[in-house]
Amino acid sequence: MRAVVQRVASASVEKEMQVEGRIVSAIGAGLLVLVGLHESDVDSDADYICRKVLNMRLFPNEKTGKNWDQNVMQRSYGVLLVSQFTLYGILKGNKPDFHVAMSPERAKPFYASLVDKFRRSYNPDAVKDGIFGAMMKVNLVNDGPVTMPLDSSQTSSSGSPQLTAYCTISGLQMMPLENPKLVPFSVRWDLLEMKLLSTEVPFGLFKQRIMICGKT
């Protein structure tokens, strides 16, 4: 699951009509959250996004003067959720492709459960959303501007933290030692269960030494 979180002074969602738009939802100060659902998303992905969004310290503490000190719940601000499958768009040439986004049939109830999760975790009256699948206009006044991306792939389906390693492979004919490159694949490792979750390149294909040069 992918989210783009924006700190706003105000935000609203307007449904497109033939004559004029109709305001569906609106908040004052708070967070506008664009949410994209991946085809492999499960409940733990929704748990992660909900927990992170509500606890992100994106607001200053007016009493102490500290920046980045309080979350949206501490300020009793609003949260506006907007479903946006285009967050999982992939360009093929110049045309966007959305095949990795969750299908509308699965996404509609899944998104509804995410909205419900936010409302149960916070104040139900403070959490607003748009109309799933509808053509909408999103209006906002970004406060800062402050925009934070989130991706639930940072955790596994069990909620365990993962390690993503970017590896340098040297000694291959296509990658001579004097010109090593970062190989475009990631290794996902469950740190709690100590097991390899996935990699796009089988390790068995390489007998050369693999050096881990960075991690996230």
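**Cores, a helix and aromatic pairs in a predicted model**

The largest nonpolar core has 31 residues, and Val33, Val79, Leu81 and Phe118 touch the most other members. Several elements build this core. At least two residues each come from E1, strand E3 (30-36), helix H1 (43-55), strand E4 (78-83), helix H2 (104-121) and strand E8 (136-151). A second core lies apart from this one. That other core has eleven residues, including Val8, Leu34, Val82 and Leu87. The structure described here is a predicted model.

Phe118 gives a close view of the largest core. Leaving aside residues up to four places away in sequence, Phe118 touches Ile49, Cys50, Val53, Leu54, Val79, Leu81 and Val127. Phe118 is also one of the buried residues of H2.

The protein as a whole contains two helices and 13 strands. Of its 216 residues, 39% count as buried. Contacts often join distant parts of the sequence. Among contacts with a separation of 6 or more, 67% are between residues 24 or more positions apart. The exposed surface comes to about 12900 Å². Carbon and sulfur atoms supply 54% of that surface.

Helix H2 was examined next. H2 has 18 residues. From its first C-alpha to its last, H2 reaches 25 Å, close to the 26 Å expected at 1.5 Å a residue. The buried residues of H2 are Ala107, Phe110, Tyr111, Leu114, Val115, Lys117 and Phe118. Viewed down the axis of H2, these buried residues fall within an arc of 155 degrees, so they line one face of the helix. The face turned away from the buried side carries the exposed residues Glu105, Lys108, Pro109 and Arg120. Cover for the buried residues of H2 comes from elements that include E3, H1, E4 and strand E7 (127-129). Of these, E3, H1 and E4 also supply residues to the largest core.

Aromatic rings were then considered. The whole structure holds three aromatic pairs. One of them joins Phe59 and Tyr77. Their ring centres are 5.2 Å apart and their planes meet at 75 degrees; angles over 60 degrees count as edge-to-face, so this pair is edge-to-face. Phe59 and Tyr77 both lie in the loop between H1 and E4, so the pair ties together parts that are 18 residues apart in sequence. The two partners differ in burial. Phe59 has a relative accessible area of 3% and is buried. Tyr77, at 21% relative accessibility, counts as partly exposed. The cut-off for buried is under 20%, so Tyr77 at 21% falls outside that class.

Another aromatic pair is formed by Tyr111 and Phe132. This pair is tilted, with 5.9 Å centre to centre and 35 degrees between the planes. The pair links distant parts of the chain. Tyr111 sits in helix H2, while Phe132 sits in the loop between E7 and E8, 21 residues apart. Tyr111 is buried, with a relative accessible area of 3%. Phe132 is partly exposed, at 25% relative accessibility.

The loop between H1 and E4 also holds some backbone features. Trp68 is found in this loop. Trp68 is not a glycine, yet its phi is positive, at about 50 degrees. With a relative accessible area of 48%, Trp68 is partly exposed. The cut-off for exposed is over 50%, so Trp68 at 48% does not reach it. Ser76 lies in the loop between H1 and E4 as well. Ser76 is a residue other than glycine with a positive phi, near 55 degrees. Ser76 is exposed, with a relative accessible area of 63%.

A further backbone feature appears in strand E8, where Pro145 has its place. A cis peptide bond joins Gly144 and Pro145, and its omega is about 0 degrees.

Strand E1 (residues 2-15) contains Ser10. Ser10 counts as partly exposed, at 29% relative accessibility. Its contacts, not counting residues up to four places away in sequence, are Ile27, Gly28, Asn139, Leu140 and Val141. Ser10 and Ala26 are 16 residues apart in sequence. In space, their C-alpha atoms are 7.6 Å apart.

Conventions. Residues numbered from 1 in each chain as written. Predicted model: local features only at pLDDT ≥ 70, side-chain atom pairs only at ≥ 80, totals over all residues. Heavy atoms only, no water. Helix = DSSP H or I, 4+ residues; strand = E, 2+ residues; numbered from the N terminus. Buried < 20%, exposed > 50% of the residue type's maximum accessible area, 1.4 Å probe, protein only. Contact = heavy atoms within 4.5 Å. Core = buried A, V, L, I, M, F, W, Y, C linked by side-chain atoms within 4.5 Å. Expected span 1.5 Å × (residues − 1). Arc of directions from axis to C-beta. Areas by Shrake-Rupley, 256 points an atom, 1.4 Å probe, with all protein chains shown as cover. Phe/Tyr/Trp six-rings, centres within 6.5 Å; stacked < 30°, edge-to-face > 60°.
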